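Thanks, everyone. I have one structure for today, and I will go from the whole chain down to one helix. Please have a look at it first.

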Amino acid sequence: MNKYSLLSMDDLSREEILAILEDAQRFNISHSDWQLPNSKALIANLFFEPSTRTHFSFCSAEMQLGCKVSDFNPDSSSVTKGETLYDTVKTFEAIGYDALVIRHPQDEYYKELENISIPIINAGDGKGNHPSQCLLDLLTIYQEFHHFEGLKVLIVGDIAHSRVATSNKIALEKLGALVYFAGPEEWRREEYKYVDLDEMISEVDVVMMLRIQKERGASLVNISNEEYLNRYGLNLKRYAMMKEEAIIMHPAPVNRGIEIDDSLVEAQKSRIFKQMSNGVLVRKAIIKRAFGYKPFKEEECA
């Protein structure tokens, strides 16, 4: 596997995470027009699951960096003839692509790709990992508080099926934040620290709501959307309990009126659409890293 691949937040040290976040910030300010010196770089997006934000923010980042971009459609490919993931990826490597962005429903699909030499960026694997989403979440939090040490982050909802929860737990704890979880007992992971939502919401700095992952088998019997919101979601009553400086996050897509009251998606404390904007900046930094370029700060010190 290429050393510049990004598969899990376990791949990154604390220092590497902060370097990516700093690069993302600079793309927003001092290096907004920076492009890859190799303007012929070929990159392909292989999405085996539906996606709007991740897919098209990667496309935006790639094109802003000057890459030649291809979008792969599994439904019109040899996948329909039985081609394996490995052979599909090996084909892209063989015909001259320089890097691949892959989303796949299989947990840790990348373990099958250890013989691939070009960089692979994981855009989400099953219930496993979502490093680029995690990094844009981290950037959003950092822009708000300018540090991570001691911050209290509450992640709420479908924990068991969420790759966002997994990646954020790894990274936030690595950076010194305190991470808590809340949600239905049916969707819990044993090794996580669970709290009562109503007792904890007034103490935390970040409330991160999660989507119900119905496509991965998440379901609650005999519970209406309204009841889910009242029992496990962010409603107006809980919003009023939040600290003045606390923020709301959600990886989206948002099921309005289920995980979060419709009126709160763009409320004063919400950073949901800010997360989406930050997604392009972070993915530019990730792609820059994938092609072997040092963080801007290191380049300036060389």
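Start with burial: of the 302 residues in this chain, 57% are buried. Keep in mind that this is a predicted model, so every figure I quote is computed from predicted coordinates.

Now the overall dimensions. Along the principal axes, the C-alpha atoms occupy a box of roughly 55 × 50 × 30 Å. What radius of gyration would a compact globule of 302 residues have? The rule puts it near 19 Å, and the chain has 19 Å, so the two agree.

As for secondary structure, the chain contains 10 helices and eight strands. How are the contacts spread along the sequence? Taking contacts between residues at least 6 apart in sequence, 75% of them join residues at least 24 apart.

On to the surface and the charges. The chain exposes an accessible surface of about 13300 Å², and carbon and sulfur atoms account for 47% of that area. The side chains include 35 positive and 46 negative ones. The centres of these two sets are 3 Å apart.

Last, one element in detail: helix α4, which covers residues 131-145. From first C-alpha to last, its 15 residues reach 21 Å, close to the 21 Å expected at 1.5 Å a residue. Is α4 mostly covered or mostly open? Mostly covered: 13 of the 15 residues in α4 are buried. Just after α4 comes H146, with a positive phi of about 65 degrees.

That is the end of my part.

Methods:
Residues numbered from 1 in each chain as written. Predicted model: local features only at pLDDT ≥ 70, side-chain atom pairs only at ≥ 80, totals over all residues. Heavy atoms only, no water. Helix = DSSP H or I, 4+ residues; strand = E, 2+ residues; numbered from the N terminus. Rg over C-alpha atoms; globule rule 2.2 N^0.38 Å. Buried < 20%, exposed > 50% of the residue type's maximum accessible area, 1.4 Å probe, protein only. Contact = heavy atoms within 4.5 Å. Areas by Shrake-Rupley, 256 points an atom, 1.4 Å probe, with all protein chains shown as cover. Lys, Arg positive; Asp, Glu negative; His and termini not counted. Charge placed at Lys NZ, Arg CZ, Asp CG, Glu CD. Expected span 1.5 Å × (residues − 1).
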